[in-house]
Structures are given as C-alpha cells and as structure tokens.
Amino acid sequence: MSTTTPARRGRRRAPSKLQRATGKAAALQKPRVILALLLLLGLTSVMLLDGYLRAEVGGDQRVRTGASSSDVPDDILDGGPILTFRSGEAQTRSVPD
C-alpha cells in the first residue's frame, strides 16, 4: 500500500489582509522606481547637453586668475583665428580662401 497523499481539490483560500497589502505595495513601488529612474536619466541628459553646448564637456582647463592680454605676443593677437602650439610655441594660421 502506498502512503501518498491525494492532491487537494476544492476552493483556494482567499489571501489574507497582509498578503493583499503586500501585493498592493509591490505594485505601487514598481512605477515609482521606473519614474525615478526616468527622471534621473532626463536630468543627466539635460546636464550633458548643456555642458556640450557650452563646450564644457571634457574641457577642464580654466583661465588663470590674473592672466592679462598684455602678456600675449602681438603676432598672436593680430594673427589668424586658428591657434596651434607646435613644439610648445604659439603659432597662428588663417583660414584659406
């Protein structure tokens, strides 16, 4: 003779108040987390776009305080719009016609 228990048949028990509250809390948490992540993504995107448009992304060099234009050589001030520093020396170039 086998001593296996027969499968239960009949109606399922209704969830308790605690189980229902836990299910509702879990259902409410998911949209909140998604909304918070979307807001964080949006804020980060806006800040990166603003930094890119202001040419501040990746450019961490700043102008020194006390730097004046009187220290800049005249050929650089009167030169073309393209400024290069080949071999540590400042040179200007003009845009070709």
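## Overall picture

Just 3% of the chain's 97 residues count as buried. Keep in mind that this is a predicted model. About 9,900 Å² of the chain is exposed, and 58% of that area comes from carbon and sulfur atoms.

As for secondary structure, you get two helices and two strands. Reading from the N terminus, the order is α-α-β-β.

## The hairpin

Now to the strands. β1 covers residues 82–86, and it pairs with β2 in the antiparallel sense, with five bridges between the two. Strand β2 itself takes in residues 89–93. Together, β1 and β2 make a hairpin, and two residues sit between them.

If you want to check the register by eye, two pairs are handy. Arg86 faces Glu89 of β2, while Leu83 has Thr92 of β2 opposite it.

## The turn at Ser87

Ser87 belongs to the loop that links β1 and β2. Its backbone is worth a look: phi is positive there, at about 55°, even though Ser87 is not a glycine. For context, most residues other than glycine have a negative phi.

Is Ser87 buried or exposed? Its relative accessible area is 75%, so Ser87 counts as exposed, given that the cut-off for that label is over 50%. In short, the hairpin turn holds an exposed serine with a positive phi.

## Surface patches

Two patches come up here, one nonpolar and one charged. Which residues make the nonpolar one? Val33, Leu37 and Leu40 do, and the patch amounts to about 290 Å². One of these, Leu40, lies in helix α1, which spans residues 17–53.

The other patch is negative, and its members are Asp74, Asp75, Asp78 and Glu89. Glu89 ties this patch to the hairpin, as Glu89 is part of strand β2. That is also the residue that stands opposite Arg86. Since residues in a salt bridge are left out of patches, Glu89's place in the negative patch means that Glu89 is not counted as having one.

Note on methods:
Residues are numbered from 1 along each chain as its sequence is written. This is a predicted model: local features need pLDDT of at least 70, side-chain atom pairs count only at pLDDT 80 or more; totals for chains, interfaces and linings use all residues. Side-chain values use heavy atoms; hydrogens and water are left out. Patches are made of residues with over 30% relative accessible area and no salt bridge: like charges are joined within 9 Å, nonpolar side chains (Val, Leu, Ile, Met, Phe, Trp, Tyr) within 5 Å. Accessible areas come from the Shrake-Rupley method with a 1.4 Å probe; for residues, only the protein chains shown count as cover. A salt bridge is a side-chain nitrogen of Lys or Arg within 4 Å of a carboxyl oxygen of Asp or Glu. Helices (H or I, at least four residues) and strands (E, at least two) are DSSP runs, numbered from the N terminus. Lys and Arg count as positive and Asp and Glu as negative; His and the chain ends are not counted. The place of a charge is taken as NZ of Lys, CZ of Arg, CG of Asp or CD of Glu. Two strands pair if DSSP finds at least two bridges between them. Buried means under 20% relative accessible area, exposed over 50%, partly exposed in between (1.4 Å probe, protein chains only).
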